[in-house]
Amino acid sequence: MKNIGFLSFGHWSAAPGSATRSARDVLLQSIDLAVAAEELGADGAYFRVHHFAQQLASPFPLLAAIGARTSRIEIGTGVIDMRYENPFYMVEDAGSADLISGGRLQLGISRGSPEQVIDGWRHFGYAPAAGESDADMGRRHAEVFLQLLNGEGFARPNPRPMFPNPPGLLRLEPHAEGLKDRIWWGSGNNATAVWAAKLGMNLQSSTLKADESGEPFHVQQARQIRVYREAWAEAGHARTPRVSVSRAIFPILDDQDRAYFGRGDSSDQIGVIDNMRAVFGRSYAAEPDRLIEQLRADEGIAEADTLLLTVPNQLGVAYNAHVIEGVLRHVAPALGWR
């Protein structure tokens with residue numbers, strides 16, 4: 001395991017015990033947690049993107065703010081729903097945030113997850129083309145986004161511009177060199193993992209995927225990663241791809257940990273999501289020695305190079321920093337980290 005970061009869904013609510021009672025709380029605490037994670041030695045700070053919900057939505061102001069407050073940690077998303085995105089405007093936002101961070105952006109994109117509203121992307125002005133599904137539209141937006149990240153000129157300059165133009169066709173600015181190699185696709189099945197590999201995107205695999213074999217989640221996820229790497233090799237890309245998996249991991253170190261998470265082992269769950277039979281991976285909560293034993297048996301973690309710890313952000317910055325530190329100090333070294 002080369003890299004360990006955290007992944008926050010960015011929930012807020014006025015429920016009793018919530019440390020994030022407003023959107024402002026979540027945004028400011030997300031910045032503070034990224035700073036704390038960098039100080040602890042973590043490798044990444046990643047954030048979910050959900051629309052029409054009391055969760056983090058527009059990622060680029062947050063990513064830019066974290067980039068300005070930190071100096072080393074990777075900053076990313078897991079994932080941006082491309083059904084909602086204008087790829088042209090997104091290139092400008094992503095380029096700006098990446099330049100502010102000094103080239104540390106790691107953008108996870110995908111076709112998104114089930115929504116809070118019906119066809120929410122329509123309210124953003126997008127609709128599938130004839131014969132397309134909304135998932136097809138999301139992948140089409142992703143392909144345009146990747147093409148634009150090449151930084152090649154495509155727009156005919158105005159012969160009477162406000163400011164002088166360089167020669168030739170114009171590209172979108174600011175251009176962030178190398179960002180295209182730091183785009184990840186959040187894949188929910190083997191087929192889209194293969195598609196992502198062919199397009200040269202890194203792979204994000206979360207805590208759920210299509211149940212394609214009836215086997216335990218971590219076994220199916222490991223197979224998905226292997227299929228992805230085989231497709232990458234067949235595509236002939238020059239660089240080595242990166243692969244991340246997400247897990248809820250809570251070392252039981254004190255009475256507070258035990259009160260929150262000491263309810264015994266969880267297990268995989270089967271459910272239906274977007275009319276798809278899906279398998280949801282288990283959570284891990286135990287004393288460090290037992291956690292190490294359990295995580296060594298997780299085939300998905302063994303196949304990946306990056307582990308994202310899903311954190312309960314509503315418990316506040318201090319407690320989440322405690323969880324991250326617990327994993328980094330008491331568990332991660334035994335998994336080969338550092």
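In this predicted model, six elements each supply at least two residues to the lining of the largest pocket: strand E3 (74-81), helix H4 (134-148), strand E5 (183-186), strand E6 (202-205), strand E8 (243-247) and strand E13 (306-311). Of these, E13 takes the largest share, with three residues. The pocket comes out at a volume of about 890 Å³. Its lining runs to 37 residues, and those closest to the centre are Arg48, Gly112, Ser113, Ser206 and Leu208. Sorted by class, the lining of this largest pocket has 20 polar residues, 13 nonpolar ones and four charged ones.

Next comes the second largest pocket, with about 230 Å³ of space. Here 14 residues make up the lining, and Ser58, Pro59, Phe60, Glu85 and Asp93 sit closest to the centre. Two elements, H2 and helix H3 (87-101), give two or more residues each to this lining. The class split for the second largest pocket is nine nonpolar, three polar and two charged residues.

Turning to enclosed space, the structure has four cavities of 30 Å³ or more. The largest of them holds about 80 Å³. Its lining draws on Ser8, Thr20, Asp25, Val26, Gln29, Ser30, Leu33 and Phe47, along with Asn313, Gly316, Val317 and Asn320. Helix H1 (23-40) and helix H10 (317-330) are the elements that give two or more residues to that lining, and H1 gives the most, with five. In terms of class, seven of the lining residues of the largest cavity are polar, four are nonpolar and one is charged.

The second largest cavity has about 50 Å³ of space. Around this cavity sit Phe47, Arg48 and Val49, then Leu56, Ala57, Ser58 and Pro59, and finally Leu62 and Leu63. The top contributor is helix H2 (residues 59-69), with three residues. Seven of the residues lining the second largest cavity are nonpolar, while one is polar and one is charged.

A few residues turn up in more than one of these places. Phe47 is on the list for the largest cavity and also on the list for the second largest cavity. Arg48 lines the second largest cavity and is also among the residues closest to the centre of the largest pocket. Ser58 and Pro59 likewise line the second largest cavity, and both are among the residues closest to the centre of the second largest pocket.

That leaves the packing of the two helices that lead the cavity linings, H1 for the largest cavity and H2 for the second largest. H1 and H2 pack at an angle of about 40°, and their axes are 10 Å apart. The two helices are therefore oblique to each other, and their crossing is right-handed. On the H1 side, the contact is made by Leu27, Ser30, Ile31, Asp32, Ala34 and Val35, and on the H2 side by Leu62, Ala65, Ile66 and Arg69. By class, this contact has seven nonpolar residues, one polar residue and two charged residues. Two of the contact residues have already come up: Ser30 of H1 lines the largest cavity, and Leu62 of H2 lines the second largest cavity.

Methods. Residues are numbered from 1 along each chain as its sequence is written. This is a predicted model: local features need pLDDT of at least 70, side-chain atom pairs count only at pLDDT 80 or more; totals for chains, interfaces and linings use all residues. Side-chain values use heavy atoms; hydrogens and water are left out. On a 1 Å grid over the protein atoms alone, a cavity is a set of points where a 1.4 Å probe fits but cannot get out, and a pocket is an open set with protein on both sides within 12 Å along at least five of seven lines; lining residues have an atom within 4 Å of a point. Grid points are joined across faces, edges and corners, and a volume is the space filled by probe spheres set on the points. Helices (H or I, at least four residues) and strands (E, at least two) are DSSP runs, numbered from the N terminus. Ala, Val, Leu, Ile, Met, Phe, Trp, Tyr, Cys and Pro count as nonpolar, Asp, Glu, Lys and Arg as charged, and the others, Gly among them, as polar. Axes are lines fitted to C-alpha atoms, for helices over the stretch in contact, and angles run from 0 to 180 degrees between N-to-C directions. Angles under 35 degrees count as roughly parallel, over 145 as roughly antiparallel, 65 to 115 as roughly perpendicular and the rest as oblique. A crossing is left-handed if the near helix is turned anticlockwise from the far one by less than a right angle, and right-handed if clockwise. Contact means heavy atoms within 4.5 Å.
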